[in-house]
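The exercises below are meant to be worked with the sequence and the structure open side by side. Each one gives a task and then a solution in steps.

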Amino acid sequence: MTYKNSNKYLWIYPAVYFVLWIILFEFIFPVNKILPKPSIVFDSAGALWSDYNFLFNLLSTVGSVYISLLAAYFLVRLFLPAIKSTNSLFHFTLSLEWFSHYVPGLVLGLFLIYWFPDSEFIEFIFAFCTAFLSLVIKINKELKTLPDEYISSIRSLGADELFVTKNIVWKLIQPELFKHLFKLHLYLWLILIAFEFIKGGLGIGVIFKDALLYRDLSAIFLNALLTGVIIYLGTLLIKLAQKKFFNWRLN
Amino acid sequence: MDLLQVKNVSKHVEGFSGTRQLILTDVNFTINSVDSFTSILAPYGAGKTTLLKTIAALEVKHNGEIKLFEKIYDKCGKGIAYIPENPSSFPWLDVKGNILLEQKISGMQKTKKLQTEHFISLVGLSGYEDYFPANKSNGFRFRVSLARALSAEPKLILIDDCFKKMTEETREELYKLLKNINEKKEVSFLLASTNVNEVLRLSTKVFLMKNNPGTIFGTLNIDQKEIPQKISDYTNQIEKLFRNEKMLNSINIYV
């Protein structure tokens, strides 16, 4: 089995861990403070649904992650000519990139929570800003390393700058942009859970906060498990979009 | 009327440290007829790509004059198409889509749209209209780029050393294809190459170029009727000219 083919069987790992968890914590160490007993976790599903308002909290986080990701993706497409040609915007994003190396993005979230403590919409603004800036920084990097042959050949046929940017440059950056989207997707989930944990209100992070307050290990575990599944499904969805629309590689 | 006149063309590039490096100096040559096959033979790093890009108006900052049909031009798409060294057919478009893209640039004329099939068949890709070039050979991708360039109906197509990464068999096929198109269509080719054999097989005129900085130092007229019989004689002549310039080792000579 080659390394490439072994990727196909990665699902085996979580399945093995799941079975191990059941064997170890249901039968061997049913009473412990490390992980909850599987049967208790399954029983607490109802409580997670009703007491912790799982559906609304999940929808709030899922909406913030995916709507902001989609909005950021389509907006960078719209603003690509400006990103490519505006020097001041380029320097602005460069400065933000410099900051992002030393100041965690969550710090911006703290300021937003301080300024707008009661707004539910602020979470979406925070997610969108994070996604948009991350994509702009990535695009700026990619623009520096574009393969010249594609652009030269089409420009020689009379294509103007706008045509090249919209039809060629946008396509050229897709493979790397999608690689970045996978990382950004996970990053957004993490940063939003932390944001919700700090801010309160609605979201998966709020369930974690409440469950910690009540010392409810089963709820923490089940919430983490379900969040993991949702993130996995989101990754599959992005992979599907990549396969459907950008199933090619450059040289 | 001359097709292309390159007069006293010089070009500098600015390095990262702000220093100016002279890439081309006093480049002079003329392509007379509209159905010719001309080559520039030069070693690696002589500035062939820079020269072709300057002729294609992809690089506009230069000294000297470049005229197409006696007219100075400074914009792309005025009758010159450029095929770069690396494959340039777009991997996200099929063969047909690659050619139609040119027509999208020129405004989607219906009459031109009908000609897509004609250009595909001209480059020998009939039956491959719906194929995507992403995983295809360099030869396949060159044919797509050539069809796209031809669909713009240029007077001159610049080919930048495209054949060096191809197999011998593919090269032979493409040499025949280019000669065939050159005879059938009213289009000239200007090939930049490091390969003596290649330029002798294809061209009726060869400009010899040296490096540091790049300049044309000699011209050789070739009677294609004498190829391949007298290919060794022409090679010897080229060898001698490059030897005089102390640059023989830089050229890839195999016959």
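**Exercise 1.** In this predicted model, decide whether Ala57(B) is buried or exposed, and then describe its backbone and its place in the chain.

*Solution.* Begin with the relative accessibility of Ala57(B), which is 5%. Because buried means under 20% relative accessible area, Ala57(B) counts as buried. Next, turn to the backbone, where phi of Ala57(B) is near 65 degrees, a positive value in a residue that is not glycine. Most residues other than glycine have a negative phi. Finally, place the residue: Ala57(B) sits in the loop between helix H1 (48–55) and strand E4 (63–68) of chain B.

**Exercise 2.** Carry out the analysis for Glu70(B), asking what its phi is and where it lies.

*Solution.* The phi of Glu70(B) is positive, about 70 degrees, although the residue is not a glycine. As for its place, Glu70(B) belongs to the loop between E4 and strand E5 (71–72) of chain B. Its relative accessible area is 39%, and since partly exposed covers the range between the 20% and 50% limits, Glu70(B) is partly exposed.

**Exercise 3.** Find the peptide bonds that lead into Pro213(B) and Pro228(B), and state where each proline is placed.

*Solution.* Take Pro213(B) to begin with: the bond from Asn212(B) to Pro213(B) is cis, with omega near -10 degrees, and the proline is in the loop between strand E9 (205–210) and strand E10 (215–221) of chain B. Then take Pro228(B), for which the bond from Ile227(B) is cis, with omega near 10 degrees; this proline is in the loop between E10 and helix H8 (231–244) of chain B. As a background to both steps, most peptide bonds are trans.

**Exercise 4.** Describe the make-up of chain A, and then locate Val16(A) within its nonpolar surface patch.

*Solution.* Start with the secondary structure, for chain A has 13 helices and zero strands. Of its 251 residues, 41% count as buried, and the accessible surface comes to about 14,500 Å², with 71% belonging to carbon and sulfur atoms. The patch itself, about 850 Å², is made by Tyr9(A), Leu10(A), Trp11(A), Ile12(A), Tyr13(A), Val16(A), Tyr17(A) and Leu20(A). Val16(A) lies in helix H2 (residues 12–28) of chain A. With a relative accessible area of 44%, Val16(A) is partly exposed, and this value fits the patch because its members need over 30% relative accessible area.

Methods
Residues numbered from 1 in each chain as written. Chains lettered and ligands numbered in written order. Predicted model: local features only at pLDDT ≥ 70, side-chain atom pairs only at ≥ 80, totals over all residues. Heavy atoms only, no water. Helix = DSSP H or I, 4+ residues; strand = E, 2+ residues; numbered from the N terminus. Buried < 20%, exposed > 50% of the residue type's maximum accessible area, 1.4 Å probe, protein only. Areas by Shrake-Rupley, 256 points an atom, 1.4 Å probe, with all protein chains shown as cover. Patch = residues over 30% accessible without salt bridge, like charges linked within 9 Å, V, L, I, M, F, W, Y side chains within 5 Å. Salt bridge = Lys/Arg side-chain N within 4 Å of Asp/Glu carboxyl O.
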